[in-house]
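Thanks for coming. I'll keep this brief. Let's put the structure up.

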Amino acid sequence: MGRARGRALTSTEVPTRAQRATRGRRALTAGLLVLAGVLLLLVSVGVAITLGPADVLLVNVRDVVTNHLGLTDIPVKVSKNAIVWEERLPRALVAAACGAGLGLCGVIMQSLLRNPLADPFILGVSSGASTGAVAIGILGFGGASIGLSGGAFIGALFAFGLVLLLARLSGGGTDRVVLAGVASTQLFSALTSLIIFAFADSDETRGVMFWLLGSLEGVRWDDVALCAIVVAVGSVLCLRYAHALDAFAFGEDVAASLGIHVVRTRAILLIATALITATLVSVAGAIGFVGLVLPHAARLLVGQRHARLIPATAIIGAVFMVWVDAGSRVVFSPTPLPVGVGTALVGVPVFIALLARRRRRA
């Protein structure tokens, strides 16, 4: 009998060990993919810095970066030092942060709303930011003390607050959030167009429109720090709720049955998404299609589990934005193409290809 018990115990231990081995392999694979993605991102940033009208080599990038980090003291031309450290490196890093943050917000919105066409701008944040920026840039409301980015951030938060208010007044629920976001987007888009049409001259219109289409011109290290901190904190928060997002993908009733506080979790993630989007839009303008397309591309690579999907989307988004910005800067040199136009030109064909591939699978 003792032997029987021993054999029974051993037989029940076998699948447990197999499951642990499988989980270990999956964790190792995920870790290797993340490491490979980070290395790809570093290489992409380095190569992107060398692209542009001024001739900069990869070795120049290495020397400038290591000099500023205090690791070396290699003589570098003042012009190359300024191009790399003051212009192209901050721009590439902000592009990476915007790609990672918008992709991350796209994952959250698509899971919370159970809508594959949802993106960060469905909350009306982008249109509100546009109205705030236009109000500062054209009407001059507090322009000296607030600035264009500050006005955009305030406008984005105001639009998000309006969305929450409309959704609450209409009874709450994800469908009400979507409808409120659509209404808010139309309202603030109309206000932006009205201000430009009624009060802006040709020069002001050109400058504002360039920003509204997404622009990384003139970003500085304080913008890098702001975007990096916001995206990093947002990523940690979203990873903290990865299990809840897995449950939300099957509906709120399923999430509630698993012990998840649906209302509180949804509110936290919506607010986090709005703050991340508002910050990135205030720095770089409206950059579309990143939060819509890249989550789908990441799902094809790593599946639906958010513990893998969130870091994968962030890395893919960062690499994507670095290269789109580099291409927008080089192809139309010496006048760079607004990066939001570049993401749309690349994102639309990619999205069509993803839809076609999904149809073939079905």
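Start with the surface. This is a predicted model. The protein exposes about 18,400 Å². Carbon and sulfur atoms supply 67% of that area.

Now the charges. There are 30 positive side chains and 18 negative ones. How far apart do the centres of the two sets lie? The answer is 20 Å.

Next, the fold. What are the elements here, helices or strands? The protein has 14 helices and zero strands. Read from the N terminus, every element in the run is α, from start to end.

Overall dimensions. Along the principal axes, the C-alpha atoms fill a box of roughly 90 × 60 × 40 Å.

On to burial. The protein has 362 residues, and buried ones make up 46% of them.

Then contacts. Take those between residues at least 6 apart in sequence. Of these, 73% join residues at least 24 apart.

Let me finish with one residue, S111. Where does it sit? S111 is in helix α3, which covers residues 78-113. Is S111 buried or exposed? S111 counts as buried, because its relative accessibility is 3%, and the cut-off for buried is under 20%.

Which residues does S111 touch, once we leave out those up to four places away in sequence? There are L245, F248 and A249. R299 and H306 are on the list too.

So much for the tour. To recap S111: a buried residue, placed in helix α3, with contacts that include F248 and H306.

Conventions: Residues are numbered from 1 along each chain as its sequence is written. This is a predicted model: local features need pLDDT of at least 70, side-chain atom pairs count only at pLDDT 80 or more; totals for chains, interfaces and linings use all residues. Side-chain values use heavy atoms; hydrogens and water are left out. Helices (H or I, at least four residues) and strands (E, at least two) are DSSP runs, numbered from the N terminus. Buried means under 20% relative accessible area, exposed over 50%, partly exposed in between (1.4 Å probe, protein chains only). Contact means heavy atoms within 4.5 Å. Accessible areas come from the Shrake-Rupley method with a 1.4 Å probe; for residues, only the protein chains shown count as cover. Lys and Arg count as positive and Asp and Glu as negative; His and the chain ends are not counted. The place of a charge is taken as NZ of Lys, CZ of Arg, CG of Asp or CD of Glu.
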